[in-house]
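Please open the structure in a viewer and keep the selection panel at hand. The stops below are meant to be taken in order.

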Amino acid sequence: MTLPAKGSVPVWTGKRAPAMLRLIEFSVPREQAVAFSRARLRVTWDNRSQPSIDAPIALFYGTGTLYNRTNKEFLVKGFPNVIQYEGDRVHLRCYFPMPFFRSARIELAGTGDSAIAGVKWSIRYAPFKDPANHVGYFHATYQDHASPRRGLDLVLLDTKNTEGGGDWSGQFVGTSFIFSHDAVLNTLEGDPRFFFDDSQTPQGQGTGTEEWGGGGDYWGALNMTLPFAGHPVGAKSAKEAVSAEDKIESAYRFLLADLMPFGRNAVIRLEHGGTNESDQHYEIVTYWYGLPAPSLVKTDELAVGDQASEQQHRYSSPEASAPYEITSRYEWGVDTLKGEEIYPAHTDRGRTTKTASEFTVKVDPRNLGVMLRRKLDYSFPNQRAEVYVSDAKAQKGDWKPAGIWYLAGSNTCVFSYPPDRNELGATQHVVQTSNRRFRDDEFLIPRDLTKGRSAIRVRVKFTPLQIPLFPGRPVPELAWSEMHYTAYSFVMPNFKLK
């Protein structure tokens, strides 16, 4: 086929459904590769109102550009995505499984510069026989952050605002991203932060963008490609770049065995620079599976310290502290940047206990287990408790053990940074306490303790650990902190084709 300079052209429409795509392959003449980089791939499942894949084709396949400085055979040699230079052609292959249930429509849109002749494509698919709500549509969501906002993370994906919004259940499976168009590497000091299912604390947070892409110290400024991570393109510096295409720096990270599930929503964010101060032009494709129906349903919330809420949930903790307020923040980015407040503090209240608390929460009778989330004061270290569950209707609690709820550490940490970075020098203990005292933490209650019940009684028994921050330092006050308990029920997604 010939890809026109403007407008889109249909590639393939699949109507033998339900089916699972197993390969989407394109190839172009080698001399057309750079021009083809910005072609747009769009894939729409089951006649949905918006495409679930809508991204620049090179970035979708794992690289910021198809410019191949050193004429390598493989620009990307990943497990799910491959870009191979073979003879006079360049082959782009994607092996991510992609289910659909009625139809699939694949299109290419031109780059706006000139037509590209000699584009070839190949599709491989097979019948799919399992129920539709056992899998998710494959998505590749593209975001173009040409001018990042100072102080604020880049939002790579927020499923609450994607493809019509609402609740989604699925899995986050990776990213492919351009982090500079000017061969600037130090923008990689930004951390990735991942939030799932309403959590205000990131359940995943990295130490820098280059580690997310599989290489410390900016990969030594070298290009590399591995099955699940890589830095396929980009010169060592702007000075050493031989063209504008050579200044495009990109990286990828694929998650398969380590995919990150969510049952309600996902927010994938990335710092640009160490404190969100970089002005580099980022472009990101986020890979994820999802169905537009929740598999995690919020069913109840107890506000500890609120008299009406405590009475409603039959909260009992005879030796708990009186309700107290704190004004603090969650563990996000910098509080202020160049005098501007970025993340304001907020006030909340709760209690602490050194014995036990009991309360009742509603759950969905169809549940396949329950997730209990606790908002807490993280200034109390190593919070550990035994959790027991009984039927809320029982007159006397027939308590069954559900497990140990343990959150290591606190907002006080210790590190050693010897003079002259002498790792064999004298030990130092530098103690720092963060002003971030709010934290969300989750505990999973197994199905055999919740199945068929519309409410459960929960008992949390504090079992402290006398562990000092480092040998010889006094152990601070220990307590179990509770500000909010929120109950979510796991269910099968109620997904039906319209």
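The tour goes from a strand and its partners to a pocket, then to salt bridges and a surface patch. The model is a predicted one.

**Stop 1: strand 21**

Select residues 282-291, which make up strand 21. How many of its ten residues are buried? Ten of the ten are, and the strand is accordingly described as mostly covered. In a regular strand, side chains alternate between the two faces of the sheet. Colour Y282, I284, T286, W288 and G290 to mark one side of strand 21, then E283, V285, Y287, Y289 and L291 to mark the other. Both faces are covered, since the residues on each side are all buried, a term that stands for under 20% relative accessible area.

**Stop 2: the partners of strand 21**

Add residues 137-145, that is, strand 11. Strands 11 and 21 run antiparallel and are joined by nine bridges. To find one point of contact, pick A140, whose bridge partner in strand 21 is Y287.

Next, display residues 169-180 for strand 13. This strand also pairs with strand 21 in the antiparallel sense, over nine bridges. Here, S169 is the residue to pick: L291 of strand 21 stands opposite.

**Stop 3: the largest pocket**

Keep strands 13 and 21 in view and turn to the largest pocket, with a volume of about 540 Å³. Which residues of its lining lie nearest the centre? Select G170, Q171, P261, F262 and G263; these five hold that position in a lining of 29 residues. Strand 13 and strand 21 each supply at least two residues of the lining, as do strand 19 (260-262), strand 28 (370-377) and strand 33 (438-445).

**Stop 4: salt bridges**

A search of the whole structure finds 27 salt bridges. Side chains of opposite charge can pair when their charged atoms come close. Three of the pairs are worth selecting in turn.

Begin with E163 and R48, whose closest N and O atoms are 4.0 Å apart. This pair links distant parts of the chain, with the two positions 115 residues apart in numbering: E163 belongs to the loop between strand 12 (154-158) and strand 13, and R48 to the loop between strand 3 (40-45) and strand 4 (53-56). E163 has a relative accessible area of 12% and is therefore buried, whereas R48, at 23%, counts as partly exposed.

Move on to D153 and R193, which meet in a salt bridge at 2.9 Å, N to O. They too connect distant parts of the chain, 40 residues apart: D153 is in the loop between strand 11 and strand 12, and R193 is in strand 14 (residues 192-196). D153 is buried because its relative accessible area is 9%; R193 also counts as buried, at 2%. Extend the selection to R269 and E271, and a network of salt bridges linking D153, R193, R269 and E271 comes into view.

For the third pair, select D335 and R329, with closest N and O atoms 3.4 Å apart. Are these residues buried or exposed? Both D335 and R329 are buried.

**Stop 5: a nonpolar patch**

Finish on the surface with I404, Y406 and I467. Together they form a nonpolar patch with about 270 Å² of accessible area. I404 lies in strand 30 (residues 400-407). Its relative accessibility is 43%, so I404 counts as partly exposed.

Note on methods. Residues numbered from 1 in each chain as written. Predicted model: local features only at pLDDT ≥ 70, side-chain atom pairs only at ≥ 80, totals over all residues. Heavy atoms only, no water. Patch = residues over 30% accessible without salt bridge, like charges linked within 9 Å, V, L, I, M, F, W, Y side chains within 5 Å. Areas by Shrake-Rupley, 256 points an atom, 1.4 Å probe, with all protein chains shown as cover. Salt bridge = Lys/Arg side-chain N within 4 Å of Asp/Glu carboxyl O. Helix = DSSP H or I, 4+ residues; strand = E, 2+ residues; numbered from the N terminus. Buried < 20%, exposed > 50% of the residue type's maximum accessible area, 1.4 Å probe, protein only. Pairing = 2+ DSSP bridges. 1 Å grid on protein atoms, 1.4 Å probe; cavity = no way out; pocket = protein on both sides within 12 Å on 5 of 7 lines; lining within 4 Å. Points joined across faces, edges and corners; volume = space filled by probe spheres on them.
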